[in-house]
Amino acid sequence: MSRIARAETARISLATSCRLLLAVVFAASLAACAQSPVGRQRADLAGTGRQAAVERPHRVAALHPRPISRARAVDGDAKQTASRGVASFYSDTETASGEKFDKNELTAAHPTLPFGTKLRVTETSSGRFVTVRVNDRGPFVRGRVVDISPSAAEALGMVDKGITNVRLEVVR
């Protein structure tokens with residue numbers, strides 16, 4: 001084979017190799033673009049058993065309680081409101097208002113009332129009541145209307161029960 005023929009063969013095989021390499025790179029980039037991030041997440045989570053969390057997003061409304069229903073007071077005072085529901089007590093380290101939690105103070109967590117609001121919490125079965133100050137947000141459990149501090153729970157006599165039915169009245 002002549003030198004010219006060998007050079008021509010080498011040039012053809014080099015051009016073929018470049019085309020083949022270009023085709024492989026193009027196919028790989030096309031495959032990478034076709035795969036969505038959600039598809040990759042599902043593939044990554046398929047082995048861990050958390051696939052349902054990707055396919056079925058959580059319901060935000062279930063995490064945040066709805067505002068309590070308010071009834072107008074009989075005496076016509078528009079500022080005074082009342083509601084009924086389940087109360088629980090809690091302990092925390094810091095409140096949503098920024099102040100440090102003190103289990104000895106008569107405080108409460110309410111989802112919507114402004115900080116500093118005074119609430120009269122009345123235990124419906126015994127009639128015992130305590131006045132608390134709202135300084136935190138919560139409770140974040142469906143069906144509960146207020147969380148009170150341990151000292152307020154002790155005043156209501158609900159420490160052993162954990163939760164109790166209450167009536168809330170805004171004092172001021």
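How do S4 and S5 pair, in the parallel or the antiparallel sense, and over how many bridges? Good morning, everyone, and let me answer that straight away: the pairing is antiparallel, and five bridges hold the register. Please keep in mind that what you see above is a predicted model.

Let me start with confidence, since we should all know where to look. The protein chain has an average pLDDT of 75, and 66% of the residues score at least 70. The stretch to treat with care is residues 38-79, where pLDDT stays under 50. For that stretch the model has 35 contacts beyond four places in sequence.

Now the overall layout. There are five helices and seven strands in the protein chain. Going along the sequence, the order reads α-α-α-α-β-β-β-β-β-β-α-β. Of the contacts in the chain with a separation of 6 or more, 69% are between residues 24 or more positions apart. Out of 172 residues, 25% are buried.

Back to the strands, then. S4 and S5 make a hairpin with five residues between them, and in the turn Gly127 has a positive phi of about 85 degrees. If you follow the rungs, Arg120 has Thr131 as its bridge partner in S5, and Thr122 stands opposite Phe129, also in S5. S4 also runs antiparallel to S7, again joined by five bridges. On that side, Arg120 faces Glu169 of S7. So much for S4; what about S3 and S5, parallel or antiparallel? Those two pair in the parallel sense, over three bridges, and one of the pairs to look for is Ala109 with Asp136 in S5.

Arg120 deserves another moment. Besides its bridge partners, Arg120 lies over the face of Phe129, at 4.3 Å from the ring centre. There is another arrangement of this kind: Arg137 places its charged end over the ring of Phe115, 4.3 Å from the centre.

Arg120 also brings us to Arg167, which is found in strand S7. Along the chain the two arginines are 47 residues apart, yet their C-alpha atoms are separated by 8.0 Å. Is Arg167 buried, exposed or partly exposed? Arg167 counts as partly exposed because its relative accessibility is 27%, which falls between the 20% and 50% cut-offs. Setting aside residues within four places in sequence, Arg167 contacts Ser83, Arg84, Arg120, Val121, Thr122 and Thr124.

Let's move inside. In soluble globular proteins, nonpolar side chains tend to be buried together. Here, the largest nonpolar core has 18 residues, and those with the most contacts inside it are Leu119, Val121, Val132, Val146, Ile148 and Val166. The elements giving two or more residues to this core are strands S4, S5, S6 and S7, together with helix H5.

Take Val132 as a guide to the neighbourhood. Beyond four places in sequence, Val132 is in contact with Leu106, Thr107, Ala108, Thr117, Lys118, Leu119, Val121 and Ala152. One of those contacts, Thr107, lies in strand S3. Why does Thr107 count as buried? Its relative accessibility is 2%, and the cut-off for buried is under 20%. Again leaving out residues up to four places away, Thr107 touches Phe101, Val132, Arg133, Asn135, Asp147, Ile148 and Ser149.

Phe101 takes me to my last stop. How many aromatic pairs does a search of the whole structure find? The answer is one. The partners are Tyr90 and Phe101, in a tilted arrangement with 5.3 Å from centre to centre and 45 degrees between the planes. Both residues sit in the loop between strands S2 and S3, 11 residues apart. Both are buried as well.

To wrap up, I'd suggest keeping two pictures in mind. One is S4, pairing antiparallel with S5 and with S7. The other is the loop between S2 and S3, holding Tyr90 and Phe101. Thanks for listening, and I'm happy to go back to any of these residues on the screen.

Conventions. Residues numbered from 1 in each chain as written. Predicted model: local features only at pLDDT ≥ 70, side-chain atom pairs only at ≥ 80, totals over all residues. Heavy atoms only, no water. Phe/Tyr/Trp six-rings, centres within 6.5 Å; stacked < 30°, edge-to-face > 60°. Helix = DSSP H or I, 4+ residues; strand = E, 2+ residues; numbered from the N terminus. Buried < 20%, exposed > 50% of the residue type's maximum accessible area, 1.4 Å probe, protein only. Lys NZ or Arg CZ within 6 Å of the ring centre and 35° of its normal. Core = buried A, V, L, I, M, F, W, Y, C linked by side-chain atoms within 4.5 Å. Contact = heavy atoms within 4.5 Å. pLDDT = per-residue confidence, 0-100. Pairing = 2+ DSSP bridges.
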